[in-house]
Amino acid sequence: MSQTAKEKVIVIGGGIAGLSAGIYALKAGFDAEVYEKNPVVGGECMGWNRKGCHIDNCIHWLTGTDPKTGLWGVWKTVGAIDENTEYANTKKFYTSKVGDREVTLWNDLDKTERELIEESPEDEEEIKKFIQYVRYAEECVIPSIKPLDMMGIRDYIEMGKGMANMPKVMKEYGKINCKQLGERFKSPVIRQMMSDYLPEMYTAYSLLVSYATMTSGNGNIPMKGSLAMSLRIADRFREMGGVIHTCAGVKEIIVKGKKTEGIRLEDGTVVKADHVISAVDTDFLFGRLIDRKYMPKDLAAAYERRDAYPITTGFQIAYSIPSDFSCEDTIFFDIDPITIGTRTFGRISVKNYSYDPSFAPEGKAVLQANLIQSDADYEFWNGLGKEEYAAKKAELTEEITARIVKEFPELEGRIELLDSWSPLTYNRYCNAYHGSYMGFVTTVGNKQMRFKGVVKGIDNLYVAGQWVMSPGGLPIAVVSGKFAVQRILKKQGRSIDI
Ligand SMILES: Cc1cc2nc3c(=O)[nH]c(=O)nc-3n(C[C@H](O)[C@H](O)[C@H](O)COP(=O)(O)OP(=O)(O)OC[C@H]3O[C@@H](n4cnc5c(N)ncnc54)[C@H](O)[C@@H]3O)c2cc1C
């Protein structure tokens, strides 16, 4: 074994980014250990059991399930999916209902086009344009071979070849937000649909790309859900010789001069390493694990500008319902207004998880409501005392349940609460900034947040995780782990081909 092969990489955080970093570190010939504060790995790619049901709390779509994409190869390498993976047989992105009108974004684009035009013939031109641009957006791929800053002209040309139409999508839908996209339509229900799924201030481009991931077959949902996928990745890491320490919170990254020597755990144990990869939330890294002064300027500016770079979190409720519930997948509908945190909602959605029978006993299914929350909402929840918090959660849960039953009377007396949780849960569980479960949102007129996963002033410390590139999510997490290892290799003058 070569000298380099014996070098040790410590990864802080056992989410998708951390596990990916560990696997790629082993592939590159390093020893690798992951330190995770929780008893279970997976971070935000998580699920848990309540009353005989499984609450699957992450994958609405997994970008990279099309074997033709480079990202598929990354997911396969980390053991998340392979040629034999079974996917949920879901048929749509979501349905929006206004009054007695309903429209759906089907995975089948022709069907969507037909239905939308039937709903609103006067919007035909705008609908056809929208559909055409979703087809263009199907070309969008996430760089997965190497970090953008390591790409040469040839790499860009190669990548550009497959995405020739993406600049058109950017030009047409990158400068308006979802609300403005809706305003292009005359039909009230289509208008509403455009800002139902993503918050109104998100760029319309994000909506098109998200929908295109589904229509292209590149955003399937692996059966058995999010936690099972995280555990498959952890298994792959262990099989390759990696070591995972759970219940091992890291307190500090030990910095001496321009290098890190390793980490200090919450219990005081010091663990030495040749390289450290942080795969925890960047607000926690820069400020708690190392001095805030090391935070890259652009990233620090994004944290300062809460309006320009908002975050996404949620107040969520999970229920057990009968499996014969008439609504499939996700549906948005009007409700009597309710204030959650600082926002008043006139509409909510429910998602039916009946597509995966492993989530509930026979005859049952899991239903979830996710009310999107923001930075200000996080502050609201965080400002409550312990008892006030519990009371608020219970009160809102009851009120939302009543609204769901009002919309779907068939659930009267047949809906059972499993659990409810808030932005504070993500903060407590994952040290997530303001409870965010994605990276910074890109709003119109602001540059997409992106930074190199290196720390100026600490030579052997690298950063992975969803905050490295907006909008975050699982694909960014998994490639960022790989990229962090490639940065080590590059610094050592070795091939980054892993
Ligand atoms: C409701 C919901 C729906 C989502 N839907 C999708 C979707 O459909 N598609 C998609 O792509 N993404 C989705 N996401 C987002 C996705 O889950 C995240 O982007 C991704 O899991 C982030 O991975 P990460 O490794 O960067 O961070 P994290 O998952 O936050 O991992 C960080 C890890 O570090 C650990 N940690 C923190 N502090 C310490 C410490 N001091 N010491 C040791 N360990 C520490 C944490 O416990 C955690 O395990 C969703 C998330 C949620 C919650």
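Arg-306 forms a salt bridge with Asp-375. Their closest N and O atoms are 3.0 Å apart. The model is predicted, so every distance here is computed from predicted coordinates. Across the interface of domain 1 and domain 3, the rule finds one salt bridge. Polar contacts add to the picture: seven residue pairs make them across this interface, both partners at pLDDT 80 or more. On the side of domain 1 that touches domain 3, five residues are nonpolar, four are polar and six are charged.

Now step back to the layout. The protein is divided into domain 1, domain 2 and domain 3. Domain 1 is assembled from the segments 4–45, 60–83, 223–307 and 441–491. Domain 2 runs through 92–220. Domain 3 covers 313–435.

How far apart are the centres of domain 1 and domain 3? Taken over C-alpha atoms, 29 Å separate them. The contact draws 15 residues from domain 1 and 15 residues from domain 3. Together the two domains bury about 1,300 Å². Carbon and sulfur atoms account for 55% of that area. Which three residues supply the most of what domain 1 buries against domain 3? They are Lys-37, Glu-44 and Arg-306, with 31% of the area. Arg-306 is also the salt-bridge partner of Asp-375.

Next, the ligand. There are 37 residues around the ligand. Glu-36, Glu-44, Cys-58, His-60 and Gln-466 come nearest. Glu-44 thus appears at the ligand and among the three leading residues of the domain 1 side.

Three side chains place a polar atom by a ligand oxygen. For Glu-36, the distance is 2.5 Å. For Gln-466, a polar side-chain atom lies 2.6 Å from an oxygen atom of the ligand. For Asn-38, the corresponding distance is 3.1 Å. How much of the ligand does the protein bury? Taken alone, the ligand exposes 1,000 Å², and the protein buries 96% of that.

Key: Residues are numbered from 1 along each chain as its sequence is written. This is a predicted model: local features need pLDDT of at least 70, side-chain atom pairs count only at pLDDT 80 or more; totals for chains, interfaces and linings use all residues. Side-chain values use heavy atoms; hydrogens and water are left out. Domain bounds come from an automatic or database domain assignment. Contact means heavy atoms within 4.5 Å. Buried area is the accessible area (1.4 Å probe) that two parts lose on being put together, summed over both. A salt bridge is a side-chain nitrogen of Lys or Arg within 4 Å of a carboxyl oxygen of Asp or Glu. A polar contact is a pair of N or O atoms within 3.5 Å; within protein, one must be able to donate a hydrogen and the other to accept it, and residues adjacent in sequence count only if both atoms are side-chain atoms. Ala, Val, Leu, Ile, Met, Phe, Trp, Tyr, Cys and Pro count as nonpolar, Asp, Glu, Lys and Arg as charged, and the others, Gly among them, as polar. A residue is near a molecule or strand if one of its heavy atoms lies within 4 Å of it. Accessible areas come from the Shrake-Rupley method with a 1.4 Å probe; for residues, only the protein chains shown count as cover.
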